[in-house]
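Got your viewer open? Here is a walk through the model, one selection at a time.

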Amino acid sequence: MVSTEIRGDGPALLRAIEARLPELRLLTDAVDREAHRRDETAYLPAGLPLAVAVPEDTAQVVELVRLCGKHDVPIVPRGAGTGLSGGSAGIEGALTIAFTRMNRVLEIDHENLTVTTQPGVVNADLKAAVAAEGLFYAPDPASYETCTIGGNLGTNAGGLCCVKYGVTRDAVLGLEVVMADATVVRLGGKNVKDVAGYGLIPLLVGSQGTLGLMTEATLRVRPTPPPRATMLAFFPTLETAGGAVAGLTRSGLGPVTLELMDQFTIRAVDDVHRLGLDRDAAAMLLVESDLPGDAGRVELEGAEPVCTAAGATLVIRAADPQEAEWLREGRRLAFRALEHLGVARMEDIGVPRGRIPAMLRAIEAIAQRHGLPVGTFGHAGDGNLHPTFILSRDDEDRSIVRLEAARQDLYQAALALGGTVTGEHGIGAARRDWLVRQRGEAAVDVMRAIKHALDPRDLLNPGRVLA
Ligand SMILES: Cc1cc2nc3c(=O)[nH]c(=O)nc-3n(C[C@H](O)[C@H](O)[C@H](O)COP(=O)(O)OP(=O)(O)OC[C@H]3O[C@@H](n4cnc5c(N)ncnc54)[C@H](O)[C@@H]3O)c2cc1C
């Protein structure tokens, strides 16, 4: 159940915002508020925001936080709302601060290989801006054409090439953050090495808007890598595909992409995009190299025998960059393709990479036990899988009961294998019950102490991450 209890003096807050920030875009219309009620977790209960503030600069954010504190109205930070854990979903009577108009790339620094940006810039736009200057920003969530850098920082987003270049946190050198008491702190900058004091950047990145509002970020970029060499390997069983992932990890090769799709997903993608995939294969791996010149081909030549030894029945190379892009796009659109089949509920478990075969076996068994179709795809090179359960549109209520039971078993199985209940989407509002079970009471107490120290009045995204 979502709380309908409203905290603070909302009407007084709105009057104060209008008086202090007359230039600010403030959405109070019922339709706009409703549009900001949910992120991509439409199935989770969510509250109706009091209003949606759309600031254009840090000074406006500071004033909003100050006024919310004064009137005791909680704040929900929001990027594009593509999140999959309910992190930016509305809280009844709270102020949602949407960063979508803080969408300027501020500086591209070739000498230091950094880009400094506001949080509302869409990931794909940031990539395009640096690419125009011969540079590459690596983190690439499959939602990169819509999600924002602020949301990526909020969730510590991963993506398809994180197996080689790391997740969002690994790209962050500097942050500007508005804290819960409306002070502005600047953390880090352009130093590649900097160990002065506690590491606050890794703490804030991934905190899902519960510890501070990020208003600027300085991110690592690198020279644009050469076009990728792309290979597909098809397997007769899920387990042999999992074995190939474990083998590739052991081999020490460094592919830039190592993604998996199971048969259910292959068929869904092929039905929608007609890529000519092997629909009889139980699983497929997409393996790519971005090493320069011949080295890319050589890396794939090293990967091929690993796949064959694991049991691959067919290995093919993309004929040209266009075909490679179609295949990559097919993988990125896996979730949307599965949505054609019913109500798709994407999960996000992670396991140590050597445990992928066992996790894939467990997913199959869980789906069978609960009588739910499942398509599994994901960032296999990172051990991060997205089993996506398909609920019947005609019988959603009964499917949901089965789904809840399946989710419990899924999380239990991931933890039993030394894994995590969420690899990149976050605890948010969706998985709070499992935080203590994964981390233990003592570790969650440390998290509570940090939250209390930085936000003693529980103003920022209350009830997310920590129950
Ligand atoms: C089809 C699809 C594919 C996806 N693929 C991936 C994937 O490959 N990898 C992956 O990691 N995720 C993926 N996601 C999930 C989602 O896109 C990411 O979590 C993304 O980072 C969210 O960005 P957003 O701008 O939509 O943020 P939102 O959903 O609006 O917010 C996400 C979180 O960040 C917080 N936040 C937003 N802005 C700020 C800020 N300025 N300061 C502080 N906190 C802030 C919010 O409070 C919330 O907790 C996918 C989603 C979909 C629908």
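How many residues does the largest nonpolar core have, and which of them have the most contacts inside it? The core has 47 residues, and L285 and M359 are those with the most contacts inside it. A nonpolar core here is a set of buried Ala, Val, Leu, Ile, Met, Phe, Trp, Tyr and Cys residues joined through side-chain atoms within 4.5 Å. Buried means under 20% relative accessible area, exposed over 50%, and partly exposed in between (1.4 Å probe, protein chains only).

Before you click further, two notes on the model. It is predicted, so to speak of local features pLDDT must be at least 70, side-chain atom pairs count only at pLDDT 80 or more, and totals for chains, interfaces and linings use all residues. Residues are numbered from 1 along each chain as its sequence is written, and side-chain values use heavy atoms, with hydrogens and water left out.

**Stop 1: around L285**

Select L285 and show its surroundings. Leaving aside neighbours within four places in sequence, L285 is in contact (heavy atoms within 4.5 Å) with residues including M231, F235, A241, L248 and L260.

Now colour helix α14 (356-370). Helices (H or I, at least four residues) and strands (E, at least two) are DSSP runs, numbered from the N terminus. The largest share of the 47-residue core, seven residues, comes from α14. For a second, separate core of 28 residues, pick out L21, C68, M102 and L460, which are among its members.

**Stop 2: helix α10**

Next, select residues 263-273, helix α10. T265, I266, A268, V269 and D270 are buried there. The buried residues of α10 pack against β13 (257-262), β14 (283-289), α12 (321-332), α13 (334-339) and β17 (374-379). Right after the helix comes R274, with a positive phi near 50°.

**Stop 3: the five-stranded sheet**

Show the strands β5-β6-β10-β8-β9, in that order: they form an open sheet with antiparallel pairing. Two strands pair if DSSP finds at least two bridges between them. β5 (105-109) and β9 (184-188) stand at the edges with a single partner strand each, so one side of each is left without a neighbour in the sheet. From one strand to the next, the twist averages 10°.

Zoom in on β8 (172-178) and β10 (213-220), which pair over six bridges. Pick G174, and you will find its bridge partner in β10 is T218.

Add two helices. α3 (58-71) lies across β8, β9 and β10, at about 50° to β8. α4 (123-131) lies across β5, β6 and β10, at about 40° to β5. Axes are lines fitted to C-alpha atoms, for helices over the stretch in contact, and angles run from 0 to 180 degrees between N-to-C directions.

**Stop 4: the four-stranded sheet**

Keep α3 on screen: it also lies across β2, β3 and β4, running at about 170° to β4. These strands belong to an open sheet in the order β1-β2-β4-β3, with mixed pairing. At its edges are β1 (25-27) and β3 (75-78), each pairing on one side only. β3 and β4 (95-98) are parallel over four bridges, and I75 has L95 as its bridge partner in β4.

**Stop 5: the ligand**

Finally, which residues come nearest to the ligand? Of the 37 around it (a heavy atom within 4 Å), P77, G79, T82, S143 and T148 do. Try the distance tool on the polar contacts, which are pairs of N or O atoms within 3.5 Å; within protein, one must be able to donate a hydrogen and the other to accept it, and residues adjacent in sequence count only if both atoms are side-chain atoms. A side-chain N or O atom of T82 is 2.6 Å from a ligand oxygen. On the backbone, a polar atom of G87 is 3.4 Å from a ligand oxygen, and an N or O atom of Q208 lies 3.3 Å from one.
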